[in-house]
Amino acid sequence: ILLLDISDLEQIEVLSHIETPIGSMSFQRQDDELFLPGGWGGLAIADVSEPDAPEIICYYGQPSQVKCIEVNGDQVYIIDRRTEFMFYDISNPDQILLSSRSRLFGSDWQDIGMVRSGENLFTTHGTIENRREWRGLRVTSIANPEDPDSTAELQTESALGDIIIREDIAYADQQSPEGSGICTFDISDPENPVTIGNVIEPGFTIIAIHMDGDLIYAFSDSLAFTYVFNVSNPTEPVLVSRFSPNEITEDFEIQYDILGVGQDIIYFSATVYDDSVVVNDDIHIFDSADLDNIQFVSCYNPEDIVVGKPFIIKESVALVNVIRANSETGIGVLDLTDPADPILVGFSESLFSIEKTKFVDETAIVAGNGIGIYNCSEAINFNFPPAFTDAPTESLIVPEVGVEVSLDITGRDRKGEAVSFSVIWDGNDPGVS
């Protein structure tokens, strides 16, 4: 925005200019503040009380179709569909500010993944369809979050997708004309990342990866086939299992989509369509403790809600996206103490559709067409009603042989619902308590 001195119309003079982080086609002035709307880009406010030295005093912004999110203390980093890098300051939750945005990562709609380790962001790049695109791993220093600095690039032959970091090793899914698989990197020196291992399996395309211990579950786009790689030796990742949930359930009308993996339990969304209309939307739960014999465990079908992505598992809880029957959408917490029987223990409505979530301690940072911060401590620390096993033991001495004893026992299950059952003793073994 240019500020012009028009006191002399025959010699208009440029006093100063404001570099705006967003393109603005219009503006409004109120007193000494200039409001610069940028559509999807947000809103910038400039102080023009001194025309010779105007400055942007705050910037509210929202991403457009979030692809990646990372959190570091009071700093939130987002990459949107335009591969723009945005840094948000959330130190004051009542006034979330977009502190900077930049184009570090190339062209629109690029496949991309992002994860933080220390003061560095590791991003993966590349689309296999366009061979002119740069493909590989990039490292960006966020030591100064308002001025991120690209510090390293490692080009790869394959296009990279999702990325996960454990200690000094990064794991990424890779796609090439020969097939898909897992690529590993040594990032102990962030300024000099090194490829240390890779494995390619023909005939499938990876959509998402999830890590559980030393195993990476790679979900494909063909009949929901899931490939399991053992990465206990990062230099030699090995395919150890391949299965289809459709084959296990023997139901090929179900469209499966992997949600998450934790403690040898795999959670899939299971959707059935009838003439393009959803008639059933459940979560199917599988036990993968024995990779040679993966078993269907149970179906989670909560009444009046649909649970879906993001589905972030952390120990015995999962942070999930929830859609209620009345079309309310928001964030929910599932208790996974019994993995075969999840329970929704908390829900909070969101003002926008949630696309990506980050779970930090007991706080959820969500992003979509906006940024949200949720305190999940009450739901995470939810106390279930005492179970039968927590009740004091009571004894009854059986009087004599042949006397039948009928016991009616009532209580509540872990969901707090009333349950009861009866036991009849046939009169054998007198004196047993």
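In the predicted model, residues 24 or more positions apart account for 36% of the contacts in the protein that have a separation of 6 or more. The protein has 2 helices and 35 strands, and buried residues make up 44% of its 433 residues.

Among the sheets is an open one of 4 strands, arranged in the order β19-β20-β21-β22 with antiparallel pairing. Strands β19 (206-212) and β22 (238-243) stand at the edges of this sheet, and because each has a single partner strand, one side of each is left without a neighbour in the sheet. From one strand to the next, the twist averages 25°. Within the sheet, strand β20 (residues 215-220) and strand β21 (residues 226-230) pair in the antiparallel sense over 5 bridges, and Ile216 has Phe229, in β21, as its bridge partner.

Each of the two edge strands carries a residue whose surroundings can be described in detail. His210 is found in strand β19 and, with a relative accessibility of 19%, counts as buried, because the limit for burial is under 20%. When its neighbours within four places in sequence are left aside, His210 is in contact with Ile164, with Leu215, Ile216 and Tyr217, and with Ile258, Leu259, Gly260 and Val261. Arg242, by contrast, is found in strand β22 and is partly exposed, with a relative accessible area of 49%. Leaving aside neighbours within four places in sequence, Arg242 is in contact with Phe225, Thr226 and Tyr227. The charged end of Arg242 sits over the ring of Phe225, at 4.0 Å from the ring centre. The C-alpha atoms of Arg242 and Leu291 are separated by 8.6 Å, although these residues are 49 residues apart along the chain. A further arrangement of a charge over a ring involves Arg324, whose charged end sits over the ring of Phe347, 4.0 Å from its centre.

The largest nonpolar core has 17 residues, and those with the most contacts inside it are Tyr217, Tyr256, Ile258, Ile266 and Phe268. Strands β20, β23 and β24 (265-274) each supply at least two residues of this core, and the largest share, 4 residues, comes from β24. The contacts of Ile258, not counting residues up to four places away in sequence, are with His210, Tyr217, Phe219, Ile266, Tyr267, Phe268 and Lys309. A second, separate core of 15 residues includes Tyr171, Ile206, Phe225 and Phe229; of these, Phe225 is the residue whose ring lies beneath the charged end of Arg242, and Phe229 is the bridge partner of Ile216.

The structure holds 8 aromatic pairs. One of them is formed by Tyr256 and Phe286, which meet edge-to-face at 6.1 Å centre to centre, with 70° between the planes. This pair links distant parts of the chain, since Tyr256 belongs to strand β23 (residues 255-262) and Phe286 to strand β25 (residues 277-287), 30 residues apart. Both Tyr256 and Phe286 are buried. Phe286 also forms an edge-to-face pair with Phe296, at 5.5 Å centre to centre and with 70° between the planes. Here, too, distant parts of the chain are linked, with Phe286 in strand β25 and Phe296 in strand β26 (residues 295-300), 10 residues apart. The two partners of this second pair differ in their accessibility: Phe286 is buried, with a relative accessible area of 0%, whereas Phe296, at 35% relative accessibility, counts as partly exposed. Phe219, Tyr256, Phe268, Phe286 and Phe296 form one aromatic cluster, and of its members Tyr256 and Phe268 are also among the residues with the most contacts inside the largest nonpolar core.

Another open sheet has 3 strands in the order β31-β32-β33, with antiparallel pairing. Its edges are taken by β31 (354-360) and β33 (371-375), each of which has a single partner strand, so that one side of each is left without a neighbour in the sheet. Neighbouring strands of this sheet are turned by 20° against each other on average, direction ignored. Strand β31 is joined by 6 bridges to strand β32 (residues 363-368), the two running antiparallel, and Val360 stands opposite Thr363 in β32.

Key:
Residues numbered from 1 in each chain as written. Predicted model: local features only at pLDDT ≥ 70, side-chain atom pairs only at ≥ 80, totals over all residues. Heavy atoms only, no water. Pairing = 2+ DSSP bridges. Axes fitted to C-alpha atoms, helices over the stretch in contact; angles between N-to-C directions. Phe/Tyr/Trp six-rings, centres within 6.5 Å; stacked < 30°, edge-to-face > 60°. Buried < 20%, exposed > 50% of the residue type's maximum accessible area, 1.4 Å probe, protein only. Lys NZ or Arg CZ within 6 Å of the ring centre and 35° of its normal. Core = buried A, V, L, I, M, F, W, Y, C linked by side-chain atoms within 4.5 Å. Contact = heavy atoms within 4.5 Å.
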